[in-house]
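Colleague: Please take a close look at one part of this model, the nonpolar patch on its surface, and then place that part within the rest of the fold.

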Amino acid sequence: VPVVEPTVRDVELQIDSVSSSSISMSWRRPYENSGFGATLMEVQYLVQVSADGFSGSAMQDTKQYGPIVDRENNERVSLEATGLAAGVTYAVRVRTRTPFMAGWTTAYTSLVLNAAPSAQPGPVSNLVASATGLYSVVFTWQP
């Protein structure tokens, strides 16, 4: 009996929130829950978060989360990637495979985002407004 893989679709990676040390994300199951065998299929996910845009040959600046195993046919899966540095631009991708595949998919969805800054500026003191023209004002202050 030949193995029939269901139709593959984009995982539609979505960033749900960003903090100074983590990124929460969710994505859609890449295989539709219809057709022969599709509702029984296990899907494994490997999430990679990279500070170098996946350009390093050894991926030394890449954190991996997973494999995350879904045997319940969830339409959406979520993950919080933790241990990230503030103020860094990260590329995020989700790779998939099934028990019938030899390796991870090479096609993936990728997003680039900044982790939130580690500290917000403090209150402003000694705020001074100086009129420099009819329609302009210059503000100076001390942090």
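From which strand does the largest share of the nonpolar patch come?

Modeller: The model is predicted, so local features need pLDDT of at least 70 and side-chain atom pairs pLDDT 80 or more, whereas totals for chains, interfaces and linings use all residues. Residues are numbered from 1 along each chain as its sequence is written, and side-chain values use heavy atoms, leaving out hydrogens and water.

The largest share of the patch, three residues, comes from strand 9 (residues 136–142), strands being DSSP E runs of at least two residues and helices H or I runs of at least four, numbered from the N terminus. The patch is formed by Val124, Leu127, Val137, Phe139 and Trp141, which together have about 530 Å² of accessible area (Shrake-Rupley, 1.4 Å probe, only the protein chains shown counting as cover for residues). Members of such a patch have over 30% relative accessible area and no salt bridge, with nonpolar side chains (Val, Leu, Ile, Met, Phe, Trp, Tyr) joined within 5 Å and like charges within 9 Å; a salt bridge would be a side-chain nitrogen of Lys or Arg within 4 Å of a carboxyl oxygen of Asp or Glu.

Val124 lies in the loop between strand 7 (109–114) and strand 8 (125–133), and at 49% relative accessibility it counts as partly exposed, the class between buried (under 20%) and exposed (over 50%). In strand 8 itself we find Asn126, which has a positive phi of about 55° although it is not a glycine, and which counts as exposed with its 52% relative accessibility.

Strand 3 (residues 43–50) makes a useful contrast with this surface part, because eight of its eight residues are buried, so the strand is largely enclosed by the rest of the structure. Val43, Tyr45, Val47 and Val49 point one way from strand 3, while Gln44, Leu46, Gln48 and Ser50 point the other way. Strand 3 runs antiparallel to strand 4 (residues 62–70), to which seven bridges join it, pairing requiring at least two DSSP bridges; here Val47 has Tyr65 as its bridge partner. Seven bridges also pair strand 3 with strand 6 (residues 89–97), again in the antiparallel sense, and Leu46 stands opposite Arg95 of strand 6.

The largest nonpolar core (buried Ala, Val, Leu, Ile, Met, Phe, Trp, Tyr and Cys joined through side-chain atoms within 4.5 Å) has 20 residues, and Ile23, Met25, Trp27, Val47 and Val49 have the most contacts inside it. Strand 2 (22–28), strand 3, strand 5 (76–82) and strand 6 each supply at least two residues of this core, with strand 3 giving the most, four residues. Beyond residues up to four places away in sequence, Met25 touches, among others, Val47, Val49, Val77, Leu79 and Val92, a contact being heavy atoms within 4.5 Å.

Two backbone details also deserve attention. Pro67, which lies in strand 4, follows Gly66 through a cis peptide bond with omega near 10°. Asn73, in the loop between strand 4 and strand 5, has a positive phi near 60° without being a glycine, and it is buried, with a relative accessible area of 18%.

As the wider setting of the patch, the protein chain has zero helices and nine strands, and buried residues make up 33% of its 143 residues. The chain exposes about 8700 Å², of which carbon and sulfur atoms supply 54%.

Definitions and conventions
Buried means under 20% relative accessible area, exposed over 50%, partly exposed in between (1.4 Å probe, protein chains only).
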